[in-house]
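Welcome, and please have a look at the model below before reading on. The notes that follow walk through its strands, its cysteines and its main pocket.

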Amino acid sequence: MMDATVHDQFMREAISLSRKNILEGKGGPFGAVIVKDGTVIARGTNLVTSTNDPTAHAEIVAIREACRTLRSFQLEGCDIYTTCEPCPMCLGAIYWARPRAIYFSNTRDDAAKIGFDDRSIYDEFTRSHGDRKIPIQQILREEAQVAFREWQEKNDKVPY
């Protein structure tokens, strides 16, 4: 287990990335690093506006790089250091990647104060489909179930 000064070192690198990202005008003030066995294996910054990709949050960018580096879709034994409490999308991606731990600096309330408010997304999760801001409607479930049955019966699938 790493001591606090090592954690601080990795978080400071994420913070440095976030500040550099502001100066370079690539996106929002967010940075992330992913560490395995005491070594940074991936870095990410928010690239939403420079890539026109709403999923290009720092954590997602770093996860993609780390997974390429490790040649794995899981981040077993890795720690993620991110400059802000992960948004719902990033938190979901982090859980799918299954790292060992998440460390963050700014809170979601801090982010909301500077215009990055995820509260509306969290609120959407509690609403029924018919009451959401973006209409959501289930169609062709029975037809789609065929693929699920095929997956369930597949002998050589890679579970995740």
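## The hairpin of S1 and S2

This is a predicted model, and a good place to begin is strand S2. Spanning residues 39-45, S2 is mostly covered, with 5 of its 7 residues buried. Its partner is strand S1 (residues 31-36), and the two run antiparallel, joined by 6 bridges. If you would like a landmark for the register, take Ala 32, which stands opposite Gly 44 in S2.

The hairpin that S1 and S2 form has 2 residues between the strands. Keep an eye on Asp 37 there, as this residue takes a positive phi near 55°.

## The parallel pair S3 and S4

Further along the chain, strand S3 (residues 78-84) pairs with strand S4 (residues 101-106). Here the sense is parallel, and the pairing extends over 5 bridges. Asp 79 offers a handy reference point, standing opposite Ala 101 in S4.

What handedness does the β-α-β unit of S3, H4 and S4 have? The unit is right-handed.

## Cysteines without disulfides

How many disulfides does a search of the whole structure find? The search finds 0. Cys 84 is in no disulfide, and the nearest cysteine sulfur to its own belongs to Cys 87, 8.8 Å away. Cys 87 is likewise in no disulfide; for this residue the nearest cysteine sulfur is that of Cys 90, at 3.7 Å. A disulfide needs the two sulfur atoms within 2.5 Å, so a pair at that distance does not count.

Are these two residues buried or exposed? Cys 84 counts as buried because its relative accessibility is 6%, and Cys 87 counts as buried because its value is 9%; the cut-off for buried is under 20%.

## The largest pocket

Now for the open space in the model. The largest pocket has a volume of about 330 Å³. Its lining is made up of 19 residues, and the closest to the pocket centre are Phe 30, His 57, Cys 87, Phe 116 and Asp 118. Cys 87, met above as a buried residue, thus turns up again in this lining.

Several helices contribute to the lining. Helix H3 (58-70), helix H4 (88-97), helix H5 (108-113) and helix H6 (119-126) each supply at least two residues. The largest share comes from H4, with 3 residues, and H4 is also the helix of the β-α-β unit with S3 and S4. By residue type, the lining divides into 13 nonpolar, 2 polar and 4 charged residues.

Notes: Residues are numbered from 1 along each chain as its sequence is written. This is a predicted model: local features need pLDDT of at least 70, side-chain atom pairs count only at pLDDT 80 or more; totals for chains, interfaces and linings use all residues. Side-chain values use heavy atoms; hydrogens and water are left out. On a 1 Å grid over the protein atoms alone, a cavity is a set of points where a 1.4 Å probe fits but cannot get out, and a pocket is an open set with protein on both sides within 12 Å along at least five of seven lines; lining residues have an atom within 4 Å of a point. Grid points are joined across faces, edges and corners, and a volume is the space filled by probe spheres set on the points. Helices (H or I, at least four residues) and strands (E, at least two) are DSSP runs, numbered from the N terminus. Ala, Val, Leu, Ile, Met, Phe, Trp, Tyr, Cys and Pro count as nonpolar, Asp, Glu, Lys and Arg as charged, and the others, Gly among them, as polar. Buried means under 20% relative accessible area, exposed over 50%, partly exposed in between (1.4 Å probe, protein chains only). Two strands pair if DSSP finds at least two bridges between them. A crossover is right-handed if, with the strands pointing away from the viewer, the path from the first strand over the helix to the second runs clockwise.
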